[in-house]
Amino acid sequence: MSVKSNAQVALGAIAIITLGIATVLIVRAQRVGVVRASTTVAEVLGSGDTAGYARATQPISFEFPRDHGAHPEFRNEWWYFTGSLNTRDGRRFGYQLTFFR
């Protein structure tokens, strides 16, 4: 399989995953019946009880394989998958898929 084919497969998989996540979130919101569009990042990441969770107060050195997965001692974290793709006619596209925990 060529690099372009691999990139197309990866982009397709990312699109399907993103669509699936969006569908689940929409269905879930409809069941609840209330959607708050005014929630801020600060409210989501900073509100609630933070007792017992570690805080990221300074840079740390990464250590693998330990840092490949979740860090349950922290209340929030996220992972980015980024890349770029080129079409056969030379157009370039970038993508970013982010998972929050």
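Contact here means heavy atoms within 4.5 Å. With that in hand, Asp 67 touches Ser 61 and Phe 62, once its neighbours within four places in sequence are set aside. Keep in mind that this is a predicted model. The chain has two helices and two strands, and they come in the order α-α-β-β along the sequence. Below is a quick tour, starting with the whole chain and moving on to a loop, two ring pairs and a patch on the surface.

**The chain as a whole**

- Of the 101 residues in the chain, 6% are buried.
- The accessible surface adds up to about 8700 Å², and carbon and sulfur atoms account for 61% of that area.
- Take the contacts between residues at least 6 apart in sequence: 34% of them join residues at least 24 apart.

**Asp 67 and His 71, in the loop before β1**

- Asp 67 sits in the loop between α2 and β1, and His 71 is found in the loop between α2 (41–46) and β1 (78–86) too.
- Buried or exposed, what is Asp 67? Asp 67 is buried, because its relative accessible area is 12% and the cut-off for buried is under 20%.
- His 71 has a relative accessibility of 15%, so His 71 also counts as buried.
- The side chains of Asp 67 and His 71 are joined by a polar contact of 2.6 Å.
- Asp 67 has another side-chain partner in Arg 66, with a polar contact at 2.7 Å.
- What does His 71 touch, leaving aside its neighbours within four places in sequence? The residues in contact with His 71 are Arg 66, Glu 77 and Arg 101.
- Arg 66 therefore turns up on both sides of this little story: as a polar partner of the Asp 67 side chain and, given the 4.5 Å cut-off for heavy atoms, as a contact of His 71.

**Aromatic pairs between the strands**

- How many aromatic pairs does a search of the whole structure find? The search finds three, and two of them are described here.
- Trp 78 and Phe 100 make a tilted pair, with 5.8 Å from centre to centre and 50° between the planes.
- Trp 78 belongs to strand β1 and Phe 100 to strand β2 (residues 92–100), so this pair ties together parts that are 22 residues apart in sequence.
- Trp 78 is partly exposed, at 36% relative accessibility, whereas Phe 100 is exposed, at 61%.
- Why is the pair of Phe 81 and Phe 99 edge-to-face? Their planes stand at 85°, with the ring centres 5.9 Å apart, and planes over 60 degrees apart count as edge-to-face.
- Phe 81 lies in strand β1 and Phe 99 in strand β2, so here the parts tied together are 18 residues apart in sequence.
- Phe 81 is partly exposed, with a relative accessible area of 44%, and Phe 99 is partly exposed as well, at 29%.

**A nonpolar patch**

- Ile 17, Ile 21 and Leu 25 make a nonpolar patch of about 250 Å² on the surface.
- Leu 25, one of the patch residues, lies in helix α1 (residues 3–32).
- Leu 25 has a relative accessible area of 49%, so Leu 25 counts as partly exposed, a class that sits between under 20% for buried and over 50% for exposed.

Methods:
Residues numbered from 1 in each chain as written. Predicted model: local features only at pLDDT ≥ 70, side-chain atom pairs only at ≥ 80, totals over all residues. Heavy atoms only, no water. Helix = DSSP H or I, 4+ residues; strand = E, 2+ residues; numbered from the N terminus. Buried < 20%, exposed > 50% of the residue type's maximum accessible area, 1.4 Å probe, protein only. Areas by Shrake-Rupley, 256 points an atom, 1.4 Å probe, with all protein chains shown as cover. Polar contact = N/O pair within 3.5 Å; in protein donor to acceptor, adjacent residues only side chain to side chain. Phe/Tyr/Trp six-rings, centres within 6.5 Å; stacked < 30°, edge-to-face > 60°. Patch = residues over 30% accessible without salt bridge, like charges linked within 9 Å, V, L, I, M, F, W, Y side chains within 5 Å. Salt bridge = Lys/Arg side-chain N within 4 Å of Asp/Glu carboxyl O.
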